[in-house]
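This report looks at selected charge pairs, at one sheet and at the confidence of the model, in that order.

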Amino acid sequence: MTYCVGLCLKDGLVFLSDTRTNAGVDQIGTFRKMTLFQKNNDRFFTLMSAGNLAITQAVKEILLQGQLLNGKNLWNVSNSHDAAVVIGDAIKQVYERDHEALEKAGIDFNCNLIFGGQVKGERPRLFNIYSAGNFIEATPETCYFQIGESKYGKPILDRVLNHSTPLNLATKCALISMDSTLNSNISVGLPLDLLVYEKNSLAASKLITLDESNPYFQMIHRHWGEKLREAFNSIAEPSWSGAHKSSAISLPAKKMGAVPINHQPPKAKVGKTTPRKAIKSHKPTKKVVARAET
């Protein structure tokens with residue numbers, strides 16, 4: 001498994017990926033999932049991958065070799081959208097070559113990519129590219145993408161991040177998101193590759209690999225856990241009596257009301273008979289005429 005997150009902000013882009021791969025509990029490896037593409041201060045792209053490692057490496061190799069796909073590659077496209085199309089075409093080429101063999105082996109064609117960057121003259125852009133080769137683009141309303149083991153790191157992104165978040169704060173947010181994932185899932189692991197791309201720089205000016213000895217990541221790991229416990233302990237416990245209005249929990253919802261409780265009727269006790277006078281017959285009674293004998 002893996003975890004990668006990409007952020008598209010007004011001041012630039014942030015990319016963060018782990019390096020752990022596993023094919024079972026005893027087959028764990030370290031492979032880079034971040035690849036950079038740069039050309040003569042004309043364009044700068046970053047690709048992060050999750051899924052089947054053989055598939056994602058095959059796609060990456062096609063891109064690095066500069067193979068022409070429908071006459072285009074990452075080095076000659078005129079914008080980032082066309083670059084995402086090239087990556088989709090590379091995925092389709094690998095699928096056409098390998099999918100039958102994968103199906104016979106019972107292996108799914110699993111490939112998920114985050115791709116982003118900038119071509120000179122346009123704004124920075126970010127895409128999530130799927131196994132079918134199709135993709136979606138980040139917007140100011142949805143300014144980040146995650147691939148791999150995403151659920152543990154998502155809450156901090158949803159609560160903190162927006163398109164106007166400064167790059168430094170966004171970097172801290174991404175690292176906390178990664179720390180939460182590392183803490184909860186053993187299939188995601190250090191080292192981490194971090195790139196902070198500043199708009200219009202067309203260069204990797206802030207690129208670093210972090211491991212367990214990195215002082216800033218150590219500080220985040222320690223303080224984030226402490227602050228979470230402090231925040232948890234500072235929140236009032238539920239008040240069932242209603243004595244504290246701000247923490248009263250016993251008030252039912254206005255639309256639904258309280259949950260109804262259905263009581264079972266008492267069971268009849270074994271060994272006792274019902275008094276005769278309590279028995280009511282539902283059959284019509286016949287009149288009996290008494291005749292005197294002589």
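Glu-198 has a relative accessible area of 30% in this predicted model and is therefore partly exposed, and the side chain of Glu-198 forms a salt bridge with Lys-206, the closest N and O atoms being 3.1 Å apart. Lys-206 also counts as partly exposed, at 39% relative accessibility. A search of the whole structure finds 13 salt bridges, and three of the pairs are listed here with their N to O distances.

| Pair | Closest N and O atoms |
|---|---|
| Arg-32 and Asp-193 | 2.9 Å |
| Glu-137 and Arg-125 | 2.7 Å |
| Lys-206 and Glu-198 | 3.1 Å |

The salt bridge between Arg-32 and Asp-193 involves a residue of the loop between β4 (28-30) and β5 on one side and a residue of strand β11 (residues 192-198) on the other, so that parts 161 residues apart in sequence are tied together. Arg-32 is exposed, because its relative accessible area of 51% is over the 50% cut-off, whereas Asp-193, at 3% relative accessibility, counts as buried.

In the salt bridge that joins Glu-137 to Arg-125, Glu-137 belongs to strand β9 and Arg-125 to strand β8, so the pair links parts that are 12 residues apart in sequence. Glu-137 is partly exposed at 25% relative accessibility, while Arg-125 is buried, with a relative accessible area of 14%. Both residues belong to a network of salt bridges that links Glu-122, Arg-123, Arg-125 and Glu-137.

Strands β8 and β9 lead to the sheet itself, an open arrangement of five strands in the order β5-β6-β7-β8-β9 with antiparallel pairing. The edges are taken by β5 (34-39) and β9 (135-137), each of which has a single partner strand, so one side of each remains without a neighbour in the sheet. From one strand to the next the twist averages 20 degrees. Within the sheet, nine bridges join the antiparallel strands β6 (residues 43-51) and β7 (residues 111-119), and Phe-45 stands opposite Gly-117 in β7. Helix α2 (residues 80-104) packs on this sheet, where it touches β6, β7, β8 (125-129) and β9, and the direction of the helix makes about 155 degrees with that of β7.

As to confidence, the protein chain averages a pLDDT of 92, and 91% of the residues score at least 70. Over residues 288-294, however, the pLDDT is below 50, and this stretch has zero contacts in the model beyond near neighbours in sequence. Where pLDDT is low, the predicted coordinates should not be read in detail.

Methods. Residues are numbered from 1 along each chain as its sequence is written. This is a predicted model: local features need pLDDT of at least 70, side-chain atom pairs count only at pLDDT 80 or more; totals for chains, interfaces and linings use all residues. Side-chain values use heavy atoms; hydrogens and water are left out. Two strands pair if DSSP finds at least two bridges between them. Helices (H or I, at least four residues) and strands (E, at least two) are DSSP runs, numbered from the N terminus. Axes are lines fitted to C-alpha atoms, for helices over the stretch in contact, and angles run from 0 to 180 degrees between N-to-C directions. Contact means heavy atoms within 4.5 Å. pLDDT is the predictor's confidence in each residue, from 0 to 100. A salt bridge is a side-chain nitrogen of Lys or Arg within 4 Å of a carboxyl oxygen of Asp or Glu. Buried means under 20% relative accessible area, exposed over 50%, partly exposed in between (1.4 Å probe, protein chains only).
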